[in-house]
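Trainee: I've got a structure to look through and I'm not sure how to read it. Could you walk me through a few features?

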Amino acid sequence: METTAQQSFSKSLVWLVVGFAVGLFSLSLYALPAAQLNITFLLFILLTVGVGSRLLIEIPQASAYVSASDAFVFLALFLFDAEGAIFLAAVAFLCASFYGHRQGTRRLLYTSLLVVSVTLTAWTLRLCFGSMVELARSDRTLPLVVAICIMALVQTVFVSLFVPRSATQFASGSEGRKPVSHFFWTFTAYLVGASAAGLLAKLVGRVGDGPSIAVISLLVLAYLIASPFRKGASTSSSSNALTRVAVLPSTRSEERFRSAFDYAAIGMALVSKKGRWLQVNHSLCQLLGYSERELLATDFQAITHPEDRDNAMASIKELLKGNTPSQQMEKRYLHKEGHPVWVLWSASLAHEEQNGSAHLIFQIQDITDRKRAEQRLLHDVFHDALTGLPNRALFMDHLKLAAARAQRRDDQVFAVLFLDLDRFKIINDSLGHIVGDQLLVGIARRLEQHLRPGDTVARIGGDEFTILLEDLKGEDEAIQIADRIQKELSVPFSINKREVFTTVSIGIALSSTGYANAEDILRDADTAMYRAKSQGKARHVVFDKEMHAHAIDLLQLETDIRRAIGYQEFDIAYQPIVALDDFKLKGFEALVRWRHPLRGLISPANFIPVAEEMGLIIKIDQWVLRKACIQMRQWQELFPSDPPLSISVNLSGKAFAQPDLIEQVKSVLEDTGIDPRGLKLEITESVVMENIETTTALLWKLRELGIRLSIDDFGTGYSSLSYLHRFPIDTLKIDRSFISRMIDNNENKEIVRTIVMLAKNLGMDVVAEGVETKEQLEHLRRLECENGQGYLFSKPMVMKAAEKIISDTYATKTAASTKPKENGSGQKRYVVYSKPGKGESGLAKSLGLSRPTSRSVMLYNPAVGENGKPKSK
Ligand code: C2E
Ligand code: CA
Ligand code: CA
């Protein structure tokens, strides 16, 4: 590091040298005879600048160069004497140094030093031998030889001492030692140049004067001095090397660089601007599997992976334009054996200090392992771990591309198939998850095998697969493929030496329906799949406009349900449950009602499935449970009885599956103060049977709260009768489909009989749902079915109407006969419902089952709406 004092000293010294040179130059210019400035002299100068500077001769052992212009200056000394030579040197060196990359001061310093050196040589010779022109023309050989030696020596000494070092180094006087051999070779080079100049000058003296001879002699001289070293000359890089008269530094730092290059752990290379490898290190050869010779015979583009060539080329161009100092990219080379090798490639531009030419330096680091890990990771992100198929994310990606292509081209039809296995859950539950998993893998493989190469098959959920079919001719082709898939998958799978059968439901959405985005296509394929399921599974359904409208409705419905919860648009209707032997009111079933502000009353059958799918049913059920309990608690207080009146509340599968269900029910019981015996939870058969172990435990816990449990829609699910006795169930509700077709269908009759008997044996009671006719009622009574619910007795009704019935019942409780009445057939019946002032009418009477009192009330009155008022027609 130099101090500022040293720096300013260096600067002054530089200017001192420059000033000195200018002085010397002015002196020689002053002394230059005017006659000298003839056409020959001018031509000579031009040739020196034009030709001499372009001829650079390498001195191999010294890693040094000697420029031909030095020899031209010597020749000028013999032809035009000291002043001419000094003038030529100054002009030629200055001109040439402008080609170079040196900064202004340095350029001036170099030129000045050379002018000083030439002046020193010329004056020394003049001192010793007088005029050089005379000497060359005379016959004095020995003095000429001595003069030539002095020329070479002075020049060598001077140049070796000062010129090759940087201006600051020179000025600060720090001395780098040069090997003797270097000195020797520099001297030899100068000696050859000077000798050739002397010889030519003698020749010119013999033959006579004249511009042509001077020019010819110059060319001959150029040839002479060039030839001995021609081999080592690097003409390509010598374009502006005049001022680099002496030496490329062969310093220790260069050696250090060299060994760092050779033994670097990463690949390194020196590359020409055109892309040829000039030097490559061992690591690079190893990385690419080539020997050094093989590699040097190629260029870097030839072994770059074709897909990366353009990018690499663009990077190099940027570098060469000087837009960036370096470039870096991850790219692939091709190993000699053909496989790609991932590398981190850095390239920078290196200007040669001395001649300003540029090379590229490449650093090439093997990152194949990292890339592999990255690719693995990327694969995992976009693929399903179990089957290895693309996952939803990747599928959507492909789908988006297909949609974009289809928008550009009308003739591009594609389809999305949405597959869902039928009853996969049952397979999973009965045969175990391992078999379930193997089945999914088996299905994945079959799907892959039977699709066309361009199609994408993905697993996007548990047992859901999607297929993207591209380039279709039309709807028919998609249907054919769906057919084929269904056939293929219906062949049993052999898993753990067991044959497993499965079927799929497929929804098909076609691009020709006109989609703007990919999500919509998938959604519609999904909707069509649901339609296929609801139509009986193991089939395919093509999505159509009507379904689309339906889907939109559903979407609207979902939004509306969310709002309805907040705005309290829900209400409860109460449907009486009646003892069939005496028509005594046992309680009510609470049925949710939705009073939509625009659409009016919406049937639960229409919104409960949607709410279930959206998970909103949990909120609805919680609300109904609490509200119904509050109501029943009031009624229990107003009309106490033993056992108390009961309220049945429906619980969906989703609500039943909540982890904190017990706590919720408990808090409702506590908050409302309802007699727990008066609350009955209705759970459908399929929910109970779904997960027997956990369900059993849960049912027992609910039962421990003192409430009752009832299995809804009994007979429709897959009840395993052997399990039934394990559940703490109080009531079986026979599904209304059996009741409605009981009269003319013997099978249904038998089912009802069996359920009634089964319940009796298990100590449960039975409610027949959907009792609509006298025949049904009569038959149920014959089967000794205990309870009934249905339009025959009453439709679900509003709270006020329900309360009226209770009050009528209990107000007349004492008045009404509690004694059994004969009905002629010897059976004892009770008429408990009374309605003041309506005379003897009503169900019991019409059925001839009992003799109603004057206040009998008929619950069966289809003409009465839920609000208890007559229905308007
Ligand atoms: P469900 O639990 O089987 O309820 C009985 C359904 O049968 C009620 O329909 C009722 O009005 C109807 N019904 C009663 N007697 C007769 C009859 O004689 N003939 C005919 N054809 N139908 C009769 P609703 O109120 O439309 O409810 C339909 C279904 O919606 C219910 O079937 C139940 O599964 C569900 N649901 C109703 N309220 C709720 C609720 O608060 N929570 C849950 N999770 N589901 C509810
Ligand atoms: Ca029910
Ligand atoms: Ca039911």
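Trainee: Are Glu682 and Asp712 buried or exposed?

Mentor: Buried means under 20% relative accessible area, exposed means over 50%, and partly exposed is in between, using a 1.4 Å probe and protein chains only. Here Glu682 is buried, and so is Asp712. For Asp712 the relative accessible area is 6%. Asp713 is partly exposed, because its relative accessible area is 24%.

Trainee: Before we go on, what sort of model is this, and how are things numbered?

Mentor: This is a predicted model, where local features need pLDDT of at least 70 and side-chain atom pairs count only at pLDDT 80 or more, while totals for chains, interfaces and linings use all residues. Residues are numbered from 1 along each chain as its sequence is written, chains are lettered from A and ligands numbered from 1 in the order in which they are written, and side-chain values use heavy atoms, with hydrogens and water left out.

Trainee: Okay, metals next. Which residues coordinate the calcium ion (ligand 2)?

Mentor: Look for donors, meaning N, O and S atoms within 2.8 Å of the metal (3.2 Å for Na, K and Ca); water is not among the atoms, so sites may look incomplete. For the calcium ion (ligand 2), the donors come from Glu589 (OE), Asn650 (OD1), Glu682 (OE) and Asp712 (OD), at 2.1 to 2.3 Å. Along the chain their spacing is E-x60-N-x31-E-x29-D. Two of these belong to strands: Glu682 is in strand E19 (residues 679-684) and Asp712 in strand E20 (residues 708-714), and this pair, 30 residues apart, links distant parts of the chain. Strands (E, at least two residues) and helices (H or I, at least four) are DSSP runs, numbered from the N terminus.

Trainee: And what coordinates the calcium ion (ligand 3)?

Mentor: That's Asp712 (OD), Asp713 (OD) and Glu769, which is listed twice through OE, at 2.1 to 2.6 Å. The spacing there is D-D-x55-E. Asp712 coordinates both calcium ions, ligand 2 and ligand 3, which are 4.0 Å apart.

Trainee: What about ligand 1: which residues come nearest?

Mentor: A residue is near a molecule if one of its heavy atoms lies within 4 Å of it. There are 22 residues around ligand 1, and Arg593, Asp621, Arg736, Glu772 and Tyr791 come nearest. For polar contacts, look for a pair of N or O atoms within 3.5 Å; within protein, one must be able to donate a hydrogen and the other to accept it, and residues adjacent in sequence count only if both atoms are side-chain atoms. A polar side-chain atom of Asp621 is 2.8 Å from a nitrogen atom of ligand 1. In the side chain of Gln575, an N or O atom is 3.0 Å from a nitrogen atom of the ligand. Glu589 has a polar side-chain atom 3.3 Å from an oxygen atom of ligand 1.

Trainee: Last one: in what order do the strands of the open sheet of 5 strands run?

Mentor: Strands of a sheet pair through backbone hydrogen bonds, either parallel or antiparallel. Two strands count as paired if DSSP finds at least two bridges between them. This open sheet has the order E4-E3-E7-E6-E5, with antiparallel pairing. Strand E4 (277-280) and strand E5 (326-334) stand at the edges, each with a single partner strand, so one side of each has no neighbour in the sheet. E5 pairs with strand E6 (residues 340-351) over 9 bridges, and Trp342 in E6 is the bridge partner of Arg332.
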